[in-house]
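Please look over the structure below before reading on. The paragraphs that follow lead through its sheets and helices one part at a time.

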Amino acid sequence: MNKAEILLIDDEPQIRKLLHITLASNMFLIKEAGSAKEGLIMAENHPPTLILLDLGLPDESGHSVLKKLRQWYTNPIIILSVQKNEEEIIKALDNGANDYLSKPFRTGELLARIRSAIRSIHKDESESLLQYHDLQIDLISRTVKKNGELIRFTVTEYSLLALLIKNEGKVLTHQYLLRAIWGPGYINQTQYLRVFIAQIRKKLEDDPNHPEFLLTESGVGYRFINQ
């Protein structure tokens, strides 16, 4: 069975039923939400491989839901909407959607888009061996070497470092990092994050007090750069 889990957020029962049958028959695991509130809770409690999001939800704008998800959720989001104008499509993509399908759509096309989006996750993971001066990071074997010597990281330390590396040059906010690594219940634990960043710097940097790779954006978050 395909282990990919899809969360469908759509208020139309008939659409949900049709998509559930189609996706389940193609060996996907499906979860359904009929409102924005329900969808956000389900995504936070058990982040899926991919989200199908309707823009026309009854309790909150789909664009608003998309923005909230993109504060922490990094996997693909495909928009499903009756809106077909270019402005809506651009707005959704600018807000972080990976793809956009207008209703009614062909199920074959939707399946192709889903497979493509999921492949992009694995493609990113396959580009594994990264070199930064004296640092070598392998994202598949989850190993870090400095001057050829293996540096030992805890699971959490490595997960945090890998997330920053995959977003090289981009500032990741405190809230984003806390949600992504520890979950939504930790979004206010900035001190907790600070401790782990300090531990990573001690292992990674020549001078942890003057980091070259893992930089602080005061009051905002952190970013990984290759100077």
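One open sheet holds four strands in the order β6-β7-β8-β9, with antiparallel pairing, where helices (H or I, at least four residues) and strands (E, at least two) are DSSP runs numbered from the N terminus, and two strands pair if DSSP finds at least two bridges between them. At its edges lie β6 (129-132) and β9 (149-151), each of which pairs on one side only. Direction ignored, neighbouring strands of this sheet are turned by 25° against each other on average. Between strand β8 (residues 143-146) and β9 there are three bridges in the antiparallel sense, and K145 stands opposite L150 in β9. Helix α6 packs on the sheet and touches β6, β7 (135-138) and β8, contact being taken as heavy atoms within 4.5 Å. The direction of α6 makes about 80° with that of β8, with axes being lines fitted to C-alpha atoms, for helices over the stretch in contact, and angles running from 0 to 180 degrees between N-to-C directions.

The model is predicted, so local features need pLDDT of at least 70 and side-chain atom pairs count only at pLDDT 80 or more, whereas totals for chains, interfaces and linings use all residues. Residues are numbered from 1 along each chain as its sequence is written, and side-chain values use heavy atoms, with hydrogens and water left out.

Strand β1 comes next. Because five of the five residues of β1 (residues 5-9) are buried, this strand is largely enclosed by the rest of the structure; buried here means under 20% relative accessible area, with exposed over 50% and partly exposed in between (1.4 Å probe, protein chains only). From β1, E5, L7 and I9 point one way while I6 and L8 point the other way, and all are buried. Strands of a sheet pair through backbone hydrogen bonds, either parallel or antiparallel. Five bridges link β1 to strand β2 (residues 29-33), and the two run parallel; in β2, E32 is the bridge partner of L8. Together with helix α1 (residues 13-25), β1 and β2 make a right-handed β-α-β unit, right-handed meaning that, with the strands pointing away from the viewer, the path from the first strand over the helix to the second runs clockwise. β1 also pairs with strand β3 (residues 50-54) in the parallel sense, over four bridges, and there the bridge partner of L7 is I51.

Another open sheet has three strands in the order β10-β12-β11, with antiparallel pairing. Its edge strands are β10 (172-173) and β11 (214-217), each pairing on one side only. Two bridges join β10 to the antiparallel strand β12 (residues 221-224), where Y222 is the bridge partner of L172.

The last part concerns two helices. The axes of α7 (residues 174-182) and α8 (residues 190-204) come within 10 Å and cross at roughly 80°, and α7 and α8 are therefore roughly perpendicular to each other, a description that covers angles of 65 to 115 degrees, while those under 35 count as roughly parallel, over 145 as roughly antiparallel and the rest as oblique. H174, L177, L178 and W182 of α7 meet T190, Y192, L193 and F196 of α8 in this contact. The buried residues of α7 are H174, Y176, L177, L178, R179 and W182, and what covers them includes α2 (36-45), α6 (155-166), β10, α8 and β12. Just after α7, G183 takes a positive phi of about 110°.
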